Structures are given as C-alpha cells and as structure tokens.
There are 2 protein chains.
Amino acid sequence: MIQFNLLQQKGSLRLGEITTARGIVIPTPVFMPVGSQGAVKTLAMEDVKECDVNLILNNVFHLFLRPGVDIIESQGGLHKFISWDRAILTDSGGYQVFSLLGKRKVKEEGVVFQSHIDGGYHTFTPEMVIELQHRLGVDIAMSFDYCIEYPAAEKEVEKAGQITYRWAKRGLEKHRQLSEQKSECPALFGIIQGGTYPHLREQSAEQLIELDFDGYSVGGLSVGEPTEEMLNMVEILHPLLPEHKPRYLMGVGTPLDIIQAVSRGIDMFDCVIPTRHGRNGTVYTWDGKLVVKNAEYARDNRPIDPNCDCEVCKNYSRAYIRHLFKAGELLAPRLATYHNIYFYSRFMRAIRESIREDKFDSLYSRIKDVYPAKKDATIPRFEG
Amino acid sequence: MIQFNLLQQKGSLRLGEITTARGIVIPTPVFMPVGSQGAVKTLAMEDVKECDVNLILNNVFHLFLRPGVDIIESQGGLHKFISWDRAILTDSGGYQVFSLLGKRKVKEEGVVFQSHIDGGYHTFTPEMVIELQHRLGVDIAMSFDYCIEYPAAEKEVEKAGQITYRWAKRGLEKHRQLSEQKSECPALFGIIQGGTYPHLREQSAEQLIELDFDGYSVGGLSVGEPTEEMLNMVEILHPLLPEHKPRYLMGVGTPLDIIQAVSRGIDMFDCVIPTRHGRNGTVYTWDGKLVVKNAEYARDNRPIDPNCDCEVCKNYSRAYIRHLFKAGELLAPRLATYHNIYFYSRFMRAIRESIREDKFDSLYSRIKDVYPAKKDATIPRFEG
C-alpha cells in the first residue's frame with residue numbers, strides 16, 4: 001500500500017507526495033535511479049542516500065535470475081539484502097523478457113524465456129511475478145506486462161494490450177490474496193501499453209483504471225520511438241488517469257524529456273541515463289551535458305559543474321576525472337555516476353520547487369536552452 | 001624534509017613517527033596503499049581517509065606518462081590534483097622501468113624506455129626523476145634505482161648495485177640544489193639494491209648510508225624470490241641502517257610478511273595485495289583471508305569480518321558482496337578493496353600497539369596461525 005497526496009495541481013502540473021507502507025515519504029515528481037541487480041551501478045547505498053534519493057528501482061527479473069529470490073528472502077528481504085532502508089520499486093521484467101533478452105515464447109498462461117546468464121529456461125506468469133515481488137518485500141510492485149517493440153503493427157499492439165490487461169487482472173487478484181495476510185504489503189501499479197496508437201493507449205488505460213490499481217505506469221515507451229510520439233501518448237493519458245494516483249513514465253529520460261513529461265502530468269521516472277552515461281564519461285550539469293573524458297578538459301581545474309555542491313564537485317576537478325577515465329581507473333565511472341545521480345536528484349527538486357512557486361516555465365525554458373531537443377529517438381532503458 | 005622520531009626500540013622492534021615538511025604525522029610501522037596513477041584503485045580519497053590512512057604511494061613513472069607532470073603542476077601539484085591533503089610518497093619508477101614494462105636500454109646516463117601506453121620513447125635520468133618528484137610536490141621521494149630481476153647472476157646484481165649508487169649520488173645532488181630554493185621540499189630516500197646476495201646488500205647499504213639520505217628503502221625484493229630470502233636480506237640490513245632514519249621495504253606484502261619484516265626492523269611498507277586481491281574478491285580478516293565471491297558465501301549473512309568495524313562490514317553481508325561479484329557490479333571490487341585497506345590500516349595499528357604494550361609476540365603468533373606461511377614466492381608489487 002501507498003498513500004498519494006496530490007498537494008497541488010495546476011493544469012497538468014502536479015506536485016505530490018507518496019508515503020509507503022513503511023512510512024517513507026517521497027516527494028513527486030521523482031526520479032528513481034536504476035539498480036536492476038540490487039545496486040545503483042558503481043554507487044554504495046550511502047552515496048545514493050547522500051544524493052537525497054528516497055526511492056530506487058530494482059528489477060525482479062534480474063534478481064530472480066541472480067542471486068535468486070530465495071536467497072534474498074533468506075537474508076531478510078530485499079531492503080536488508082542490499083542495505084537500503086528507504087523505498088524500493090521493482091519493475092516486473094516485462095520489458096526485459098520481451099524486448100531485449102534472447103528467446104521467449106508468449107502463451108496466455110505466461111512467458112517461457114531463456115536466461116541470458118546461463119541459458120536455462122524459466123517461466124514467468126503474472127501471478128508468479130507478483131508473488132516474487134511480495135517475497136522480496138518491495139514497496140511498489142509492477143504488474144507483469146506484454147511490452148511490444150517499436151515499430152509494431154496495430155494488430156500486434158492491440159493483442160499485446162489485451163494480454164497485458166488479462167495479466168494485470170490475474171496479477172491483481174494474486175496481489176489481493178497475498179495482501180490479506182499481511183500488515184505491510186507492496187503497492188501495485190498497472191502498466192499501460194498500446195504502443196504509439198492513441199486509441200489503444202486509451203483502451204489500455206481505461207481497462208486498467210477499472211481494475212483500480214494503486215498507481216499507473218506508462219510502459220512500452222522509450223523503446224526507440226521519436227520523443228514527440230512518446231510525449232503525445234503521455235498527453236493523451238493525462239485527462240484519463242485518476243488524479244489521486246501516481247503516474248509513472250517508465251524508462252524516461254533526459255532532463256528535457258523529464259521536464260516535458262512533468263508538464264504533461266507525470267509524477268515518477270526512472271532511466272539508466274545518469275548511470276550509464278556517467279560510466280561512459282558523460283556528465284549532466286546546469287549548463288548542459290559534457291563529455292568529461294574529452295581532451296579539452298585535460299587542464300580544466302573546475303569541478304564537473306561549478307553550480308553543483310555534490311561531494312564530487314566539492315573535491316575533484318574535470319582534469320583529474322578526465323585523467324581517471326583515460327587511465328582506466330574504476331574511480332572514474334563512480335565519480336561521474338555520483339555527480340549525475342546528484343544532478344538528477346537536484347533537478348527533480350528544482351522542478352518541484354518551480355511548481356510550488358509557480359516558476360515552472362522559467363525552469364522549463366532554461367532546461368530547453370541547455371538541453372536542446374534533438375531528433376534522437378528515445379533511449380531504451382535496460383541496464384543489464 | 002621529514003623528521004623521524006624513534007619512539008621506542010626493543011631489539012629490532014621499532015616504534016616511530018614520521019613528520020612531513022607540511023606537518024603530517026605518520027605513526028610507524030606504517031602501510032601505504034598503492035595508488036600508482038593517482039588513485040587507490042576503486043576508492044575515493046574520502047574512503048582512504050576513513051580508513052585512517054595518512055600516507056599513500058603514487059608512482060612518478062605512471063604520472064609522468066599519464067597525465068604528464070606538466071598537467072599536474074598546472075593544477076597546483078599532486079596533492080591538489082588528486083584531492084589528498086595528507087602525505088604522498090612517490091616511487092621513482094625504477095622497478096617499473098626495469099622489471100615489467102617492455103623495452104628499455106640502460107646507459108650510465110640513464111634509461112631509455114618505451115611507454116606501455118602509446119609506444120613512445122622516453123628517457124629517465126636520475127636527476128630528472130628527482131626533479132619530477134619535486135615538481136609534483138610530494139612529501140617523500142625515491143632515488144632512481146636499477147632494479148634487477150630475480151634470479152640474477154652475482155655479476156649482474158653487483159653492476160646494478162653500482163649503477164644504483166652512482167645514480168643515487170647524482171639524484172641527491174640534484175635534490176640538494178632544488179631544495180635550496182624552497183622552504184618545503186620532499187624528503188629523499190635511497191634505494192638499497194643487491195638482490196639476494198648478502199655482501200652486495202651490505203655494500204649497497206653502506207654506500208647509500210654514506211651519502212646520508214632521509215631514509216632508506218629496501219628495493220629489488222618481492223620480485224619473485226622466496227619469502228625466506230627476502231627476510232634474510234632485511235635481517236642483514238637491520239644492524240647496518242642508521243637507527244634514526246625510517247626504513248621502507250618496498251612492495252611487501254601479506255600480513256605475515258609484514259609482521260615478520262617489522263620484527264626485523266622495518267618501518268614502512270607498500271603492496272598491491274589489499275587492492276588487487278580485493279578487486280578479485282579476496283578479502284583479509286582477523287581470521288585469515290577468504291574468497292568472498294565463492295559459492296559458500298551465497299547465503300552467508302555475516303559481514304566480511306565479524307570483528308571489523310569498517311563501513312563495509314557495518315553495512316553489507318558476504319551474501320550481498322558475493323552477489324555483486326557474480327553480477328559484475330563495479331561496487332563489488334570497491335567494497336572488497338575498502339575493507340582490505342581498512343584491515344591493513346587496523347593491522348598496522350595493532351602492530352604498533354603490540355610493540356608499545358610489549359605484546360608483539362602474541363600478535364605475531366595469532367597472525368601466523370591465521371595466515372600460515374606458504375612456500376609461495378613473493379608477489380611482484382606492480383599495479384598498472
């Protein structure tokens with residue numbers, strides 16, 4: 001269970017607060033760093049806390065395959081296993097099973113797929129995916145969905161949406177059974193599919209809303225479609241979704257994507273950009289992004305972002321971090337990742353403040369200036 | 001310049017205190033974590049401080065090749081560049097030039113060698129190596145030495161010792177010139193060579209002592225010779241070396257090696273073991289070492305070392321760290337390295353306390369129990 005307080009809504013700009021069953025308070029709009037395998041890559045949990053992060057994303061698909069849910073359960077649950085006492089949302093693995101990882105066969109009952117780790121075959125049913133998330137003891141769980149690739153024919157997208165609906169229903173039933181016996185149980189979100197077809201998005205949303213989930217995720221986006229199409233889908237969904245439930249746009253995005261989606265009513269985000277790009281030497285700042293490992297920074301004694309007060313910017317220069325990247329030091333991806341997670345956290349705080357203080361437009365135009373829109377397709381969100 | 005206060009000496013057991021020109025106090029016996037390229041691999045400088053480390057080892061050879069001493073100088077010197085306000089000792093690169101890295105040609109003037117990074121040719125002279133360390137602004141510098149491989153014929157070892165002596169003399173002269181103009185200048189150590197030939201070790205020591213260095217390093221050991229031979233060389237040197245100067249055994253070693261060398265009068269150590277082994281999943285504890293990535297720890301909810309109070313042992317279980325190693329997470333080598341550096345730091349503190357409190361024998365026998373002697377050859381110290 002979660003509580004969601006919508007503190008303020010002006011047009012489609014929303015300011016809210018999620019409170020988990022264990023009492024963790026998460027101001028929204030919020031960005032969740034990705035820690036698929038139980039760690040936000042290169043960072044210790046203390047680092048993530050220092051960045052004022054209250055909610056991280058793990059992935060039940062990854063954790064099921066390795067180390068296995070039984071091991072995590074035997075360690076007292078996922079929070080204890082990874083040493084994280086704030087909130088955890090798990091993705092159900094629909095995206096991973098369908099879009100990226102090897103062989104799989106979809107039946108009405110569920111999906112048979114082959115592990116990318118050892119080649120072994122496994123089955124996921126919507127009931128099982130819910131049960132696994134209950135066993136992990138997460139704060140917010142996702143329904144098991146049928147995520148379809150982009151582009152896909154209308155017929156295929158419709159079929160995937162219908163399966164997603166039936167699976168959501170089965171998963172929800174299982175969730176209600178499991179929740180009866182417990183005082184603290186996860187919240188459960190339904191995942192809206194429908195590709196980039198407006199009427200299929202609407203249909204999927206209406207079906208899931210009828211089932212009454214604790215929140216609604218927008219799935220099947222950020223899979224390579226143009227950013228504009230992604231934003232259109234979000235815009236279409238805004239008036240349909242219940243005001244007093246959180247809305248989560250899965251796998252998004254760049255600072256510009258995020259602020260654009262916030263302006264269309266989204267409350268929650270996750271994306272591999274700050275972690276993956278950080279590991280590759282790209283860092284995000286209040287003046288745009290830069291590739292800190294480039295030669296131009298070899299003698300640059302400024303911090304990554306002179307406007308940032310994170311531990312990395314307080315202590316290290318671009319010249320040093322560039323050197324660490326060139327020298328292959330593992331400290332390099334760590335420092336860049338730390339800064340990026342801190343930047344995303346501060347960026348979300350700035351968004352919330354701007355909504356509260358009625359200054360969203362000026363923040364929006366600042367971000368548009370330093371993160372100009374590109375014709376790039378969206379970036380898939382998987383962090384393996 | 002450094003000051004060395006010998007606080008206590010009983011037989012060959014020594015307790016001391018180095019004070020650097022900038023006022024950093026380093027209790028001895030001390031272990032220096034290796035950060036050849038300007039970072040203790042996987043760790044941030046804050047981590048190293050948390051482990052109560054006052055003195056780290058960098059390498060002028062690595063830093064000369066990348067990023068280049070001119071860049072570091074332009075950033076305000078090595079301390080500022082790497083964001084470390086405690087003490088730095090630099091190895092002169094003799095070991096790297098001679099033992100491990102590709103092509104090189106020794107002349108009386110110096111060495112021409114080929115970079116392992118870009119294949120370019122460079123020359124190191126003993127004067128230049130001193131000048132580079134002055135430009136880096138390190139606290140303790142090493143003479144440029146001719147480090148010979150093991151095994152080597154007596155004639156070769158003698159020749160290398162003679163060259164080392166002449167280079168030490170030239171370097172010392174340069175050092176004195178450079179120091180005249182400065183209020184804060186590095187201390188300079190001479191490096192004793194002589195392979196595993198007692199009379200050549202004695203000869204090398206006597207020659208260097210006559211030149212009057214600030215301290216004496218024992219080089220050319222831990223290059224593959226049996227541990228017993230290494231300890232014999234240390235034992236021979238003890239009565240020759242001036243009491244009131246620090247003695248540094250380069251590239252050593254395991255906890256057992258260290259405590260055995262302490263019992264033979266050594267004050268300073270460095271070794272890649274805690275960092276390199278940490279990255280490979282081997283961790284050091286008060287009950288011996290263990291390979292935390294092994295299957296037997298998959299469900300072990302104890303910390304790496306139940307007797308350790310480091311941040312890693314306070315927060316994370318063996319099961320989690322094992323999972324991180326298996327999942328290829330960069331957090332894994334970091335956590336294991338942090339613990340190992342902390343362990344080495346606490347181990348050295350325990351050695352100092354045991355000397356002070358006249359309980360060295362009981363610590364020695366405890367370490368011998370949990371780190372039994374092996375017929376292993378010593379482990380070369382290079383961390384590229």
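In what follows, helix axes are lines fitted to C-alpha atoms over the stretch in contact, with angles running from 0 to 180 degrees between N-to-C directions. With that in hand, look at chain B of this predicted model: helix α6 (residues 126-136) and helix α7 (residues 154-180) bring their axes within 8 Å and cross at roughly 40 degrees. Below is a quick tour of the helix pairs, two sheets, the contact between the chains, the domains of chain A and a few backbone oddities.

**Helix pairs in chain B**

- An angle is called oblique when it is neither under 35 degrees, nor over 145, nor from 65 to 115, so α6(B) counts as oblique to α7(B).
- The handedness of the α6(B) and α7(B) crossing is right-handed.
- On the α6(B) side, the residues doing the touching are B:P126, B:E127, B:V129, B:I130, B:E131 and B:H134, and they meet B:W167, B:R170, B:G171, B:K174, B:H175 and B:L178 of α7(B).
- Sorted by class, that contact of α6(B) with α7(B) holds five nonpolar, three polar and four charged residues.
- Another pair is helix α8 (residues 198-211) and helix α9 (residues 227-237) of chain B, with axes that come within 10 Å and cross at roughly 45 degrees.
- That angle makes α8(B) oblique to α9(B), and the crossing of these two helices is right-handed.
- From α8(B), the contact draws on B:P198, B:R201, B:E202 and B:A205, while α9(B) brings B:M233, B:I236 and B:L237.
- Here the class split for α8(B) with α9(B) is five nonpolar, no polar and two charged residues.

**A three-stranded sheet in chain B**

- Chain B has an open sheet of three strands in the order β1-β2-β3, paired antiparallel.
- The edges belong to β1 (2-10) and β3 (25-28) of chain B; each has a single partner strand, so one side of each has no neighbour in the sheet.
- Going from one strand to the next, the twist averages 15 degrees.
- Four bridges hold strand β2 (residues 13-20) of chain B to β3(B) in the antiparallel sense.
- If you want a specific spot to look at, B:E17 has B:P27 in β3(B) as its bridge partner.
- Helix α14 (residues 331-356) of chain B lies across β1, β2 and β3 of that chain, and its direction is at about 120 degrees to β2(B).

**A three-stranded sheet in chain A**

- In chain A, three strands make an open sheet ordered β7-β8-β9, again with antiparallel pairing.
- β7 (104-106) and β9 (121-124) of chain A are the edge strands, each with a single partner, so one side of each is left without a neighbour in the sheet.
- Neighbouring strands here are turned by 15 degrees against each other on average, ignoring direction.
- β7(A) and strand β8 (residues 111-114) of chain A run antiparallel and are joined by three bridges; A:K105 finds its bridge partner in A:V112 of β8(A).

**Where chain A meets chain B**

- Each chain puts residues into the contact: 33 residues from chain A and 33 residues from chain B.
- On the chain A side, α3 (69-74), α4 (78-82), α13 (318-326) and α14 (331-356) each supply at least two residues.
- The largest share of that side, five residues, comes from α13(A).
- By class, the side of chain A that touches chain B has 17 nonpolar, 10 polar and six charged residues.

**Two domains in chain A**

- Chain A is split into domain 1 (2-271) and domain 2 (278-370), and the centres of the two, taken over C-alpha atoms, are 27 Å apart.
- Their contact uses 23 residues from domain 1 of chain A and 21 residues from domain 2 of chain A.
- For domain 1, β2 (13-20), β4 (30-33), α1 (45-50) and α10 (255-262) of chain A each give at least two residues to the side that touches domain 2.
- α10(A) gives the most to that side, with four residues.
- The domain 1 side breaks down into 16 nonpolar, three polar and four charged residues.

**Backbone oddities**

- The peptide bond from A:T28 to A:P29 is cis, with omega near 0 degrees; A:P29 sits in the loop between β3 (25-28) and β4 of chain A.
- B:V252 and B:G253 are also joined by a cis peptide bond, with omega about 5 degrees, and B:G253 is in the loop between β13 (247-249) and α10 (255-262) of chain B.
- B:S83 isn't a glycine, yet its phi is positive at about 65 degrees; look for B:S83 in the loop between α4 (78-82) and β6 (87-91) of chain B.

Methods. Residues are numbered from 1 along each chain as its sequence is written. Chains are lettered from A and ligands numbered from 1 in the order in which they are written. This is a predicted model: local features need pLDDT of at least 70, side-chain atom pairs count only at pLDDT 80 or more; totals for chains, interfaces and linings use all residues. Two strands pair if DSSP finds at least two bridges between them. Two residues are in contact if their C-beta atoms, placed from the backbone, lie within 7 Å. A crossing is left-handed if the near helix is turned anticlockwise from the far one by less than a right angle, and right-handed if clockwise. Ala, Val, Leu, Ile, Met, Phe, Trp, Tyr, Cys and Pro count as nonpolar, Asp, Glu, Lys and Arg as charged, and the others, Gly among them, as polar. Domain bounds come from an automatic or database domain assignment.
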